Amino acid sequence: MSSTVLMPVEIALDGWLKDWLIEDIGRGDRTTQGLSLQSHHVIEGRWTAKATGTVAGLPIANRVFQLLDTNTRLIPLLSEGESCSPGQVIAELNGSLAALLMGERVALNLAMRLSGIATATREYVEQIANLPTQFVDTRKTTPGLRILEKYASQVGGAVNHRMGLDDAVMIKDNHIAVAGGIGEAIAQIRQQMPYPLTIEVETETLEQVQEALQHQADIIMLDNMGLEQMTEAVKIIRQASDRVKIEASGNVTLDTIRAIAKTGVDYISSSAPITRSPWLDLSMKLG
């Protein structure tokens with residue numbers, strides 16, 4: 001897990017952006033290219049927020065325009081993670097009319113989606129801001145958008161959980177059932193996993209917590225436990241080891257997250273900011 005906010009590298013980002021531009025432009029922008037006399041004019045514009053939220057994705061939007069014309073720029077007036085209010089100008093535009101019009105939809109869609117995730121994430125993070133527990137995202141992401149959605153999650157203040165199946169070992173209920181138990185699953189996987197991967201085990205009962213401890217799991221997830229059971233599980237783990245990290249998951253809402261954090265867990269994970277967040281409404285005006 002990392003708390004450092006890192007932009008996706010351009011070698012990866014550019015490939016995705018080109019595909020999404022091709023999807024939208026197709027064989028050509030019939031409208032903009034029809035304005036042949038004006039399409040190469042240099043023009044200025046602005047992006048305006050139409051709702052309160054947390055801004056994310058402006059550098060990515062800038063890259064959309066630059067792929068269409070290297071001299072075209074989206075200039076952020078807010079840093080990633082800053083708050084915006086309705087009517088606030090959050091970025092200025094300068095460049096060719098053709099690039100700005102052809103890139104408008106892809107750039108806005110990405111920024112609105114990522115800002116929506118950052119906005120929702122910030123709400124969860126603020127609920128536990130004065131507690132030592134960290135808020136964590138999940139792998140419930142849109143296929144093809146995981147890196148960008150997890151980037152937005154970081155901008156909102158969350159810590160990224162594993163990006164993919166190759167990041168860490170996470171033994172869930174189906175793995176346990178197939179292996180015949182937590183101990184058996186850990187033993188089999190530990191023989192084959194490369195160093196320095198960690199092992200996390202999903203537990204639903206105090207008996208499973210004890211078994212995960214016995215077989216030296218690095219992280220124990222308390223899945224869908226009530227507060228009383230979770231408090232007891234944290235007590236058992238802390239008494240047994242100061243090395244093992246504790247993650248809580250399931251039934252996490254803005255109303256419950258603070259009570260969950262007060263049980264003493266290290267991390268609280270939820271897919272909600274990515275899977276349920278509305279887009280942050282932004283608009284583009286030229287001239």
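A contact means heavy atoms within 4.5 Å of each other.

**View 1. The whole protein chain, a predicted model.** Residues are numbered from 1 along each chain as its sequence is written, and because this is a predicted model, local features need pLDDT of at least 70 and side-chain atom pairs count only at pLDDT 80 or more, while totals for chains, interfaces and linings use all residues. Side-chain values use heavy atoms, with hydrogens and water left out. The protein chain has 11 helices and 12 strands, where helices (H or I, at least four residues) and strands (E, at least two) are DSSP runs numbered from the N terminus. Of its 287 residues, 49% count as buried, a term that stands for under 20% relative accessible area, with exposed for over 50% and partly exposed in between (1.4 Å probe, protein chains only).

**View 2. Helix α1, residues 10–25.** The 16 residues of α1 should span 22 Å at 1.5 Å a residue (1.5 Å times one less than the number of residues), and its end C-alpha atoms lie 21 Å apart, which agrees. Just after α1, G26 takes a positive phi of about 60°.

**View 3. The two faces of α1.** The buried residues of α1 are L13, D14, L17, L21 and I25. They cover an arc of only 95° around the axis (taken from the directions from the helix axis to the C-beta atoms), which puts them on the same side of α1. The face turned away from this buried side carries the exposed residues I11, D19, I22 and E23.

**View 4. What covers the buried residues of α1.** Their cover includes α3 (58–68), α4 (97–127) and α5 (146–155).
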